[in-house]
Amino acid sequence: QVQLVESGGGLVQAGDSLRLSCAASGLTFGYYAMGWFRQAPGKEREFVAAVSLSGGNTAYADSVKGRFTISRDNAKNTVFLQMNRLKPEDTANYYCAAAWTNDYGVTYYREVSYRYWGQGTQVTVSS
């Protein structure tokens, strides 16, 4: 059974940092490109960041570029999202997702590309 379990969310002030983690089990992690998405209240879920199989390629939404960094540790089956200079508009439930691929360099920004999803971790940024 595939499980993606996010952690690291919380309540912080604007300008603070958080590091989200997503631990994967039940799948061959090295064959899955990983992504982070978020959904704010009353809004649709949106792409945040993605990383390729090897970690060599990454992609970011314009709204987080330069502030967020996605990375992965294939030995620990874990993907991370380092979030710096947080803003109130970053408040959302953050989800990690896994997309099977045999292309070492590809990253995915569309939800439909991802097969497995976690339950999410809440990030709240106060002003």
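Biologist: Which residues lie nearest the centre of the largest pocket?

Modeller: In this predicted model, the largest pocket holds about 180 Å³ of space. Its lining is made up of 14 residues, and those that lie nearest the centre of the pocket are R38, A40, K43, E46 and E89.

Biologist: By class, how many charged residues does the lining of the largest pocket have?

Modeller: The lining residues can be sorted by class, and the lining of the largest pocket then has 3 nonpolar and 3 polar residues. Two of the residues nearest the centre of this pocket are R38 and E46, and these form a salt bridge with each other. The count of charged residues in the lining is 8.

Biologist: How far apart are the closest N and O atoms in the salt bridge of E46 with R38, and is R38 buried or exposed?

Modeller: In the salt bridge that E46 forms with R38, the closest N and O atoms are 2.6 Å apart. E46 has a relative accessible area of 36%, so E46 is partly exposed. For R38 the relative accessibility is 6%, and because buried means under 20%, R38 counts as buried.

Biologist: Which residue forms a salt bridge with D90, and which residues are joined with this pair into one network?

Modeller: D90 forms a salt bridge with R67, with the closest N and O atoms 2.7 Å apart. The pair links distant parts of the chain, since D90 is placed in the loop between β8 and β9 while R67 is in the loop between β6 (58-60) and β7 (68-73), 23 residues apart. Both D90 and R67 are buried. Through salt bridges that share partners, one network joins R67 and D90 with R38 and E46.

Biologist: Where in the chain are E111 and R45, and how many residues apart are they?

Modeller: E111 forms a salt bridge with R45, and the closest N and O atoms of this pair are 3.1 Å apart. The pair links distant parts of the chain, with E111 in the loop between β9 and β10 and R45 in the loop between β4 (32-39) and β5 (46-51), a separation of 66 residues. E111 counts as partly exposed because its relative accessibility is 31%, and R45 is also partly exposed, with a relative accessible area of 27%.

Biologist: Which residues form a nonpolar patch on the surface, and is Y104 buried or exposed?

Modeller: The nonpolar patch on the surface is formed by Y31, W100 and Y104, which together have about 390 Å² of accessible area. Y104 lies in the loop between β9 (92-100) and β10 (116-117). Its relative accessible area is 53%, and because exposed means over 50%, Y104 is exposed.

Biologist: What is the phi of R85, and where does R85 lie?

Modeller: R85 is not a glycine, although its phi is positive, at about 50°. With 48% relative accessibility, R85 counts as partly exposed. As for its place in the chain, R85 lies in the loop between β8 and β9.

Biologist: Where is the place of N77, and what is its phi?

Modeller: The place of N77 is in the loop between β7 and β8. N77 has 25% relative accessibility, so N77 counts as partly exposed. N77 is a residue other than glycine with a positive phi, and the value is near 50°.

Technical notes. Residues are numbered from 1 along each chain as its sequence is written. This is a predicted model: local features need pLDDT of at least 70, side-chain atom pairs count only at pLDDT 80 or more; totals for chains, interfaces and linings use all residues. Side-chain values use heavy atoms; hydrogens and water are left out. Patches are made of residues with over 30% relative accessible area and no salt bridge: like charges are joined within 9 Å, nonpolar side chains (Val, Leu, Ile, Met, Phe, Trp, Tyr) within 5 Å. Accessible areas come from the Shrake-Rupley method with a 1.4 Å probe; for residues, only the protein chains shown count as cover. A salt bridge is a side-chain nitrogen of Lys or Arg within 4 Å of a carboxyl oxygen of Asp or Glu. Helices (H or I, at least four residues) and strands (E, at least two) are DSSP runs, numbered from the N terminus. Buried means under 20% relative accessible area, exposed over 50%, partly exposed in between (1.4 Å probe, protein chains only). On a 1 Å grid over the protein atoms alone, a cavity is a set of points where a 1.4 Å probe fits but cannot get out, and a pocket is an open set with protein on both sides within 12 Å along at least five of seven lines; lining residues have an atom within 4 Å of a point. Grid points are joined across faces, edges and corners, and a volume is the space filled by probe spheres set on the points. Ala, Val, Leu, Ile, Met, Phe, Trp, Tyr, Cys and Pro count as nonpolar, Asp, Glu, Lys and Arg as charged, and the others, Gly among them, as polar.
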